[in-house]
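Thanks for sharing this one with me. Here are some notes to read alongside the coordinates, set out point by point.

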Amino acid sequence: MQNDKQIQNILEEIETINLDTLREAFINEKDPTRQELLNALYTYALDEKQKKVISKNEFVI
């Protein structure tokens, strides 16, 4: 239960980080494992921002 709360806190924090900062961290990371993690975090944050934009009433395709 505590782990679920910690994970939720991490995900909420990731959503507040500037996407450019995450992208730069991903690009500049030398360790492949960390680079993969940063890429996943960037993709998650980008997806969450896109969901918010798409859900707005004024969004039209």
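The points below cover a helix pair, a nonpolar core and a few individual residues.

1. A word on the source before anything else: this is a predicted model, so please read each point as a statement about the prediction.

2. Let me begin with the helix pair. Helix H2 spans residues 19-28 and helix H3 spans residues 32-54. Their axes lie 8 Å apart, and the two helices pack at an angle of about 160°. Because angles over 145 degrees count as roughly antiparallel, H2 is described as roughly antiparallel to H3. The crossing of H2 past H3 is left-handed.

3. Which residues make this contact? From H2 come Leu19, Leu22, Arg23, Ala25, Phe26 and Ile27. H3 brings Gln35, Leu38, Asn39, Leu41, Tyr42, Ala45, Leu46 and Lys49. Sorted by character, the residues where H2 meets H3 comprise 10 nonpolar, 2 polar and 2 charged.

4. You may enjoy looking at the core next. The largest nonpolar core is made of 7 residues, namely Ile14, Leu19, Leu22, Leu38, Leu41, Tyr42 and Ala45. At least two residues of this core come from each of H2 and H3. H3 provides the largest share, with 4 residues.

5. Leu19 is a good residue to click on, as it appears both in the contact of H2 with H3 and in the largest nonpolar core. Setting aside residues up to four places away in sequence, Leu19 touches Tyr42, Ala45, Leu46 and Lys49.

6. Where does Glu15 sit? Glu15 belongs to helix H1, which runs over residues 2-16. Beyond its neighbours within four places in sequence, Glu15 is in contact with Tyr44, Glu48, Lys49 and Lys52. Lys49 is thus a partner of Glu15 and also of Leu19. For a distance check, Glu15 and Glu29 are 14 residues apart along the chain, and their C-alpha atoms are separated by 20 Å.

7. Is Gln35 of helix H3 buried or partly exposed? Its relative accessible area is 26%, so Gln35 is partly exposed; the buried class is kept for values under 20%. Leaving out neighbours within four places in sequence, Gln35 contacts Phe26, Ile27 and Glu29. Of these partners, Phe26 and Ile27 are also listed on the H2 side of the helix contact. A second distance to try in your viewer is the one from Gln35 to Asp4: 24 Å, C-alpha to C-alpha, for residues 31 apart in sequence.

Methods. Residues are numbered from 1 along each chain as its sequence is written. This is a predicted model: local features need pLDDT of at least 70, side-chain atom pairs count only at pLDDT 80 or more; totals for chains, interfaces and linings use all residues. Side-chain values use heavy atoms; hydrogens and water are left out. Axes are lines fitted to C-alpha atoms, for helices over the stretch in contact, and angles run from 0 to 180 degrees between N-to-C directions. Angles under 35 degrees count as roughly parallel, over 145 as roughly antiparallel, 65 to 115 as roughly perpendicular and the rest as oblique. A crossing is left-handed if the near helix is turned anticlockwise from the far one by less than a right angle, and right-handed if clockwise. Contact means heavy atoms within 4.5 Å. Ala, Val, Leu, Ile, Met, Phe, Trp, Tyr, Cys and Pro count as nonpolar, Asp, Glu, Lys and Arg as charged, and the others, Gly among them, as polar. A nonpolar core is a set of buried Ala, Val, Leu, Ile, Met, Phe, Trp, Tyr and Cys residues joined through side-chain atoms within 4.5 Å. Buried means under 20% relative accessible area, exposed over 50%, partly exposed in between (1.4 Å probe, protein chains only).
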